[in-house]
Amino acid sequence: MGGGNSNDGGGDSVARDRREPASDLRDLPAFADGRTHSLPGAPEWPVREVVVEYDEGWFVGGYDRVEQPDGSEKKYYWAELSPATVVIAIADGDVLFVDQYRPTVRNTQSELPAGIVEPGETYTEAGARELAEETGFAPDSTTLVQEVWCSTGVLRHTRGYVVAEGLEPVDVEADSNEFLEPRAVPIDEALSLARSPPTNDATLEGLLLAERDGYL
């Protein structure tokens, strides 16, 4: 994805929080609510203004007005999402997938179990919880294999890839807003399935990382 955008349109903002150089969003009203956030660190280029234009609870959007190395200023728009966990669950020679319809792209995809990291959770804790909720299996071990920033041209969103092993069936109530079907896929077929359209980055990246680290 490209390196940000400079569209200066957009109407009135929900909150114009800073007019001075900004390095941290944690004290802005939109981010002071106890949620988890994928917040960036200190900027290398001066941030002259931070504007939050949209806050839907799980999704926050706005822009930073940034001074570039040549002295010019530009609005860099961003959309902030909570951190997410993606689970590569392995048992008896299979990888667990979930088939899920995605209204945003209007197709059903075979995906690795995944979900939002709740306040106070680690990637591995969230991974174990999401796996149980989506598939009915809980792991006896979880390992974080990689943390990444996603689509850095516009998103502020971190993702942790977690390998889960030692699966046992559990009785966990699924989220009421999730409509998915779990299924087991043989390890030697998992990557082929992930590469078959329609597919998504999280599933493919998770399997490639697990294979590279010797789990598959």
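Are Y63 and Y77 buried or exposed? Both residues are buried, and they appear among the close-up views described below. The structure shown is a predicted model.

**Figure 1. Tilted pairing of Y63 and Y77.** The rings of Y63 and Y77 form a tilted aromatic pair, with 5.1 Å from centre to centre and 50° between the planes. The pair links distant parts of the chain: Y63 belongs to strand 3 (residues 59-67) and Y77 to strand 4 (residues 73-81), 14 residues apart. Each of the two tyrosines, Y63 and Y77, is buried.

**Figure 2. The ring cluster of Y54, W58 and F59.** Four aromatic pairs are counted in the model. One of these joins W58 to F59 in a tilted arrangement, 5.6 Å centre to centre and with 55° between the planes. W58 has a relative accessible area of 58% and is therefore classed as exposed, the cut-off being over 50%. F59, at 23%, is partly exposed. Ring pairs connect Y54, W58 and F59 into a cluster.

**Figure 3. The largest pocket and its lining.** The largest pocket holds about 1400 Å³ of space. Its lining comprises 43 residues, and those nearest the centre of the pocket are W58, R102, A114, G115 and I116. At least two lining residues come from each of strand 5 (84-91), strand 6 (94-102), strand 7 (107-111), strand 8 (114-116), helix 1 (123-135) and helix 3 (201-212). Strand 6 makes the greatest contribution to the lining, with four residues. Sorted by class, the lining of the largest pocket contains 19 nonpolar, 13 polar and eleven charged residues.

**Figure 4. Surroundings of S82 in the loop between strand 4 and strand 5.** S82 has a relative accessible area of 10% and so counts as buried, the cut-off being under 20%. The side chain of S82 reaches the backbone oxygen of T36 at 3.0 Å. When neighbours within four places in sequence are set aside, S82 is in contact with T36, S38, W58, I116, H157 and T158. Two of these contact partners, W58 and I116, are also listed with the residues nearest the centre of the largest pocket.

**Figure 5. A126 in helix 1.** The relative accessibility of A126 is 0%, and this residue is therefore buried. Although A126 and V86 are 40 residues apart in sequence, their C-alpha atoms are 9.0 Å apart in space. Not counting residues up to four places away in sequence, A126 touches T85, I116, V117 and E121. I116, named here as a contact of A126, also appears among the contacts of S82.

**Figure 6. T135 and its polar contacts in helix 1.** T135 has a relative accessibility of 12% and is thus buried. A polar atom of the T135 side chain lies 2.7 Å from the backbone oxygen of L131. The T135 side chain also reaches the backbone nitrogen of F137, at 3.3 Å. With neighbours within four places in sequence left aside, the contacts of T135 are L96, V98, P113 and P182.

**Figure 7. Backbone geometry at P198, D92 and S151.** Most residues other than glycine have a negative phi, and most peptide bonds are trans. The peptide bond from P197 to P198 is cis, with omega near -5°. P198 is situated in the loop between helix 2 (187-194) and helix 3. D92 is not a glycine, yet has a positive phi of about 55°. This residue, D92, occupies the loop between strand 5 and strand 6 and is exposed, at 81% relative accessibility. S151, likewise a residue other than glycine, shows a positive phi of about 45°. The loop that carries S151 runs between strand 10 (141-149) and strand 11 (155-156). At 31% relative accessibility, S151 is partly exposed.

Notes. Residues are numbered from 1 along each chain as its sequence is written. This is a predicted model: local features need pLDDT of at least 70, side-chain atom pairs count only at pLDDT 80 or more; totals for chains, interfaces and linings use all residues. Side-chain values use heavy atoms; hydrogens and water are left out. On a 1 Å grid over the protein atoms alone, a cavity is a set of points where a 1.4 Å probe fits but cannot get out, and a pocket is an open set with protein on both sides within 12 Å along at least five of seven lines; lining residues have an atom within 4 Å of a point. Grid points are joined across faces, edges and corners, and a volume is the space filled by probe spheres set on the points. Ala, Val, Leu, Ile, Met, Phe, Trp, Tyr, Cys and Pro count as nonpolar, Asp, Glu, Lys and Arg as charged, and the others, Gly among them, as polar. Rings of Phe, Tyr and Trp (its six-membered ring) pair if their centres lie within 6.5 Å; planes under 30 degrees apart count as stacked, over 60 as edge-to-face and the rest as tilted. Buried means under 20% relative accessible area, exposed over 50%, partly exposed in between (1.4 Å probe, protein chains only). A polar contact is a pair of N or O atoms within 3.5 Å; within protein, one must be able to donate a hydrogen and the other to accept it, and residues adjacent in sequence count only if both atoms are side-chain atoms. Contact means heavy atoms within 4.5 Å.
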